[in-house]
Amino acid sequence: MIAAVESALEVALKTDGSTAPRTTLWLAVPAVALIPLPLLARRRFPFAAPAALWLLAAALSFVDGRLVTFSVSSFAAGLAAALLLGNLPNETQARVGLAIVAAAAVSVVYNDPDNTGGEFIFTPLVFVIAWLAGFAMHERAEEAEAAEVRATRAEFERDAAARIAVAEERARIARELHDIVAHAMSVMVLQVGVLRRKADAEDREVLEGVEQTGRGALAEMRRLLGAMRSDGDDLELAPHPGMDRLDPLLDEIRRSGLPVELHIEGEPFPLSQAVDLSVYRIVQEGLTNTLKHAHASQADVTIRYRPSDLEIEVRDDGTGSATGDGLGHGLVGIRERVKIYGGEMSAGRANGGGFVLSARLPVAA
């Protein structure tokens with residue numbers, strides 16, 4: 001709108017008769033003011049609006065060769081229209097727009113009585129460059145949008161994979177805890193059975209009820225364990241590993257090519273079976289991550305016994321990533337296991353180089 005007003009005033013107040021339009025003012029003023037107006041509809045008609053500007057300019061140049069070239073605002077509007085045509089998302093429309101810009105620019109120069117030979121090349125070239133700038137802007141915007149879509153999809157996939165890893169680790173922990181509870185209940189039922197046989201008649205009846213209740217609960221526990229196992233899970237007949245199995249685990253890691261040392265600090269004390277199993281799982285996952293991803297030449301496992309907690313640290317001197325399977329799923333599983341027992345976990349680059357995984361589990365000495 002401002003360009004239209006400026007064009008109209010520029011023609012109405014013309015002082016140089018040699019370069020001013022030859023038509024009368026009542027025709028020249030509204031005609032020149034009309035040229036930029038199609039751009040007002042550019043949002044609703046992204047192709048038609050800038051194309052109409054150039055077609056209108058070409059048509060007016062046949063009425064008066066100086067109408068279009070006299071106004072500076074008409075030149076600026078033409079540049080804007082060429083830029084908009086180049087920036088169209090539809091590549092076919094953009095190429096048609098380029099043809100319209102080039103043909104209309106040549107027509108305007110041809111109809112200008114004051115043109116020089118060089119203007120047949122220079123003037124259309126200026127508007128073609130504006131079209132190319134718009135086309136480049138569109139390509140850059142498409143690349144940025146595609147990158148944003150890829151980043152969003154990758155983030156969604158990471159979140160989904162992390163949720164799956166957490167769910168799998170929770171199911172694994174639940175199976176392990178149910179195994180532990182089932183074993184403890186089996187021992188309790190056996191002990192009650194022994195006491196029942198030695199008790200008198202009155203106490204025998206009470207203990208028999210306790211034994212039957214325990215056996216029923218144990219049967220439900222085993223049924224639940226069977227339901228919690230997926231089709232690919234094998235039945236675990238061996239006892240769950242604990243700290244007593246750390247030495248064989250370290251030997252296996254050494255045979256895989258990673259030297260590793262175990263350090264025990266503090267006075268060892270008995271741990272609950274669940275905590276004992278968790279210590280083994282944390283060390284196992286930490287060393288597996290180091291072996292697969294850290295490119296380390298040495299690893300150290302440190303177990304620190306404290307009055308109220310147990311600290312597990314797995315440290316290496318590697319330079320690569322030690323984040324499980326590349327998406328951090330191994331660490332997600334460890335974090336979930338530590339969280340269940342009310343502990344804390346941290347993982348990251350060590351100050352002196354390498355990667356360190358540290359976990360703290362509350363215990364009662």
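Arg-304 and Glu-265 form a salt bridge, with 3.0 Å between the closest N and O atoms; the term means a side-chain nitrogen of Lys or Arg within 4 Å of a carboxyl oxygen of Asp or Glu. The pair joins distant parts of the chain, since Arg-304 is in strand β2 and Glu-265 in strand β1 (residues 260-265), 39 residues apart. The model is predicted, so local features need pLDDT of at least 70 and side-chain atom pairs count only at pLDDT 80 or more, while totals for chains, interfaces and linings use all residues. Residues are numbered from 1 along each chain as its sequence is written, and side-chain values use heavy atoms, with hydrogens and water left out.

**Salt bridges**

- The whole structure contains nine salt bridges.
- A network of salt bridges links Glu-265, Arg-304, Arg-306, Glu-311, Glu-313 and Arg-315.
- Within this network, the side chains of Arg-306 and Glu-311 meet at 3.0 Å, N to O.
- Arg-95 and Glu-91 make a salt bridge at 2.6 Å, N to O.
- Both Arg-95 and Glu-91 belong to helix α6 (residues 91-111), where they sit four residues apart, about one turn of the helix.
- Helices (H or I, at least four residues) and strands (E, at least two) are DSSP runs, numbered from the N terminus.

**Accessibility of the paired residues**

- Buried means under 20% relative accessible area, exposed over 50%, and partly exposed in between (1.4 Å probe, protein chains only).
- Arg-304 counts as buried because its relative accessibility is 18%, whereas its partner Glu-265 has 37% and is therefore partly exposed.
- In the other network pair, Arg-306 is partly exposed at 37% and Glu-311 is buried at 12%.
- Glu-91 has 41% relative accessibility, so Glu-91 counts as partly exposed.

**Nonpolar cores**

- A nonpolar core is a set of buried Ala, Val, Leu, Ile, Met, Phe, Trp, Tyr and Cys residues joined through side-chain atoms within 4.5 Å.
- The largest such core has 33 residues, and Val-279, Ile-282, Val-283, Leu-287, Val-301 and Ile-303 have the most contacts inside it.
- Two or more residues of this core come from each of α9 (246-255), α10 (273-294), β2 (299-305), β3 (309-316), α11 (329-340) and β5 (355-362).
- The largest share, seven residues, is from α10.
- Not counting residues up to four places away in sequence, Val-301 touches Leu-250, Val-260, Glu-261, Leu-262, His-263, Val-283, Leu-287, Glu-313 and Val-314; contact means heavy atoms within 4.5 Å.
- Another core, of 25 residues, lies apart from the largest one and includes Leu-60, Leu-67, Ala-81 and Ala-104.
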